[in-house]
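Please look through the structure shown here with one strand of its sheet in mind, and follow how that strand is joined to its surroundings.

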Amino acid sequence: MQEDGSSDKGPHTCQHCENLILDAVALKTKKRPFVVIPFELAALKKGAQFGCPFLQGYEPLSNDSGSETENEETGEFLRVSFSHRRDPADIDGITTSNPSRNWEVCAHPNDPSARWVKSREPCRNFNHDTAFRCARNWISQCAAEHAICQDTQHSVNESGFIPTRLIHVGAGDLRDIRLEAFASDRNLGDNVRYIALSYMWGGDQVGKTLKSNIDARTRSFSLADQPKSIRDAVKVTKELGFEYLWVDSLCIVQDDEDDKAQEIGKMHSVYQNAELTISAARSKGSKDGFLDLCRPLASVRFKYRGPDGTLGTVIANLKIYHISEPAEPIHGRGWTLQEHLLSKRLLIFGTFGLRWVCQGGSYLDGVQENASGTKTEISEQVSGRGNPAISMQWGDLVDAFTSRALTDYKDRLPAISAIAASYAAKRKPGPYLAGLWTDSLHDDLLWQVSDDEVDSSRDQHSGFPTWSWASMSRPIEYGDYTLHNRVTVVTLEFVSAHVVPMFTGAPFAQVKQGSLRVKGHLAPVQCRAVGLDATANLFEHTEYSPPLWRWAHSRCVHRVAIFDPVPSVTGMSISDIPPNSRPCAGAILDSIASAEDIGQCFCFEVYGLVPGHQQNYRIHDRLPRNEEMSESEESEYESGEDDTQLYSIGLVLKAVDQKNNVFQRIGLYLVEEPNNEESDHLPESPQRPYLEDWIRSCDKVTVDIV
């Protein structure tokens, strides 16, 4: 039985891996931070076959392949590197090069090695007083030492906000709980301290509050009928000394659309004013719970010899580095982004241990195997004095949010509405337009669907605005199209917008309809969808354009269309220009459906080059690297030698009612020209007027985009 009450069988040890002795004296005197351990080939193979996690994945590597060994013996070897704190005896990490793996090192507090190795394992049993005591200590430390958290708490007390309903967990046993309603005209001095829960439903929620049971629940209802995650949250609430808990499935009437809209509109206040938010980060669904044992992916016990010669043991836990994947299951859910960002304190029950995040700092309970991954997660930041990720751009939030999953597409705007409400209050960025902001409209319009793994589609109702990223079913990304080219100018002029919310009390949530009236240069073009042509190569010079890899990266090739931007007024056709000097003119369409019926469409400019100026910039500074580049293109990409002139960028529109200038968005276009030795074939003008004339020769017109 472990100190935390767990009955885990403990770290692995076997005759194969116990040959490794971490010798602190040797490490202090070594010139290099690694050792090379000779093994007989048969022993290595046997250890891998036996299932030793430290040797699994070993591939034969001979000493004569390099100068990595410290002896002249032939045979197989294992190279092991160590990381340590200021004292070399305080080892905190092991890295093997064959196989390539990283391990966190810690010591049991009662082991002789603990005198030198300072890291400790986290509590593996969340349903034990060891874990609750750790959490209570963090709360006390935050209250006593973090001035910024105290200032935020003072602001919360002054606001007097209390949610419409809270779960009263009581001070007695855990069998019954009740739903307590708070009147809107209560005495604002009566502050109620409560905890909020952030978790994954994992499908339809059982035991939720409905119109048919809400009255009875104000008296009492059985906790046993609730999913395990909610039962666990009630226990944590009581163990931490709180009486009230906010849970969305219980505190919002789930079959009352008006109540849902009203309460979703308050969610930014719910999480900002909670004393802390419990994050059931490790749980994939509400039925799973989060107070069970947590175990590392692999754990090995090694011998350790201290500087004084004392022999003890240390534990190495396998560390994960899959940063591209969600560090915890909860980071894959759309709703939880705002729940985490808006909270002032997070108590995170993670896959590999207990964690704490507040405005004053972040803490891990012992050494945790995924520490590097979780620290990079946007959703494990917390708000500074109530501001949601104040240093982040709106496009960054949209990128992070749309990469997550939602069960219901209609929740796309509601699930980010709390962030939008707080963003509006703190930054005052002008009216909110179905996921975009008036003051940054020229940037917010320049989104694109980010991948082709599953075809994107417009899955909202017919009245939903096509210019909103929330109209699309796939992840969205924003590129920085103007940061490095300082001579571009916004040519789009905002005239007005008409956005009708689905519910009057929820201006940041779902919308009934939306139209955008803007003024700008509108050029008719004839597009050809080359991405659907199996014979087309977007990464070589074509009859229409130079290589499109500069911006049509491999994740969206099926939605690429090209067009001729050279106007007839110049007396030229793009085919008159040598291939290496042709402008790159194309569109990334929002869906393959748009590509199949592209034909006649219109380019509406948002940004354009200031007439009379040229300034080069590295276009790859703002766009992802393409995996299909040739070696020469790869070299140019890495060196930054491929400098390109941006001429125009904007929206691709399809006419709905051309007579009345009513259009729908179908994609994003870009026109740019590579600078190279064949530019002499172009008209003699340093400003390349034939490209400027293409869009600037078109009068500015006022259009409605729906």
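In strand E15 of this predicted model, the residue that forms the bridge partner of Leu346 is Val357. This pairing belongs to a set of 5 bridges that join strand E14 to strand E15 (residues 354–358), and these two strands run antiparallel. The chain passes from E14 to E15 by way of a hairpin, which connects them through 4 residues.

E14 also pairs with strand E11 (residues 276–279), but here the sense is parallel and the pairing extends over 3 bridges. Leu346, which has Val357 as its bridge partner in E15, has Thr277 standing opposite it as well, while Ile348 of E14 has Ser279 opposite.

If we now step back to the whole sheet, we find an open arrangement of 9 strands in the order E9-E7-E6-E10-E8-E11-E14-E15-E16, with mixed pairing. The edges are taken by strand E9 (221–222) and strand E16 (361–364), each of which has a single partner strand, so one side of each is left without a neighbour in the sheet. Helix H3 packs on this sheet, where it touches E11, E14, E15 and E16, and the direction of H3 makes about 15° with that of E15.

How many of the residues of strand E14 are buried? For E14 (residues 345–349) the count is 5 of the 5, and the strand is therefore largely enclosed by the rest of the structure. In a regular strand the side chains alternate between the two faces of the sheet. In E14, Arg345, Leu347 and Phe349 lie on one side, Leu346 and Ile348 lie on the other, and all of them are buried, with the result that both faces are covered.

Leu347 deserves a further look. Leaving aside its neighbours within four places in sequence, Leu347 is in contact with a list of residues that includes Ala135, Trp138, Val236 and Leu240, and also Leu276, Ile278, Leu354 and Trp356. Within the largest nonpolar core, which has 107 residues, Leu347 is among those with the most contacts, together with Trp246, Trp394 and Trp469. The element that gives the most to this core is helix H3 (residues 129–145), with 6 residues. There is also a second, separate core of 27 residues, and among its members are Leu20, Cys52, Trp103 and Ala298.

Definitions and conventions
Residues numbered from 1 in each chain as written. Predicted model: local features only at pLDDT ≥ 70, side-chain atom pairs only at ≥ 80, totals over all residues. Heavy atoms only, no water. Buried < 20%, exposed > 50% of the residue type's maximum accessible area, 1.4 Å probe, protein only. Pairing = 2+ DSSP bridges. Core = buried A, V, L, I, M, F, W, Y, C linked by side-chain atoms within 4.5 Å. Contact = heavy atoms within 4.5 Å. Axes fitted to C-alpha atoms, helices over the stretch in contact; angles between N-to-C directions.
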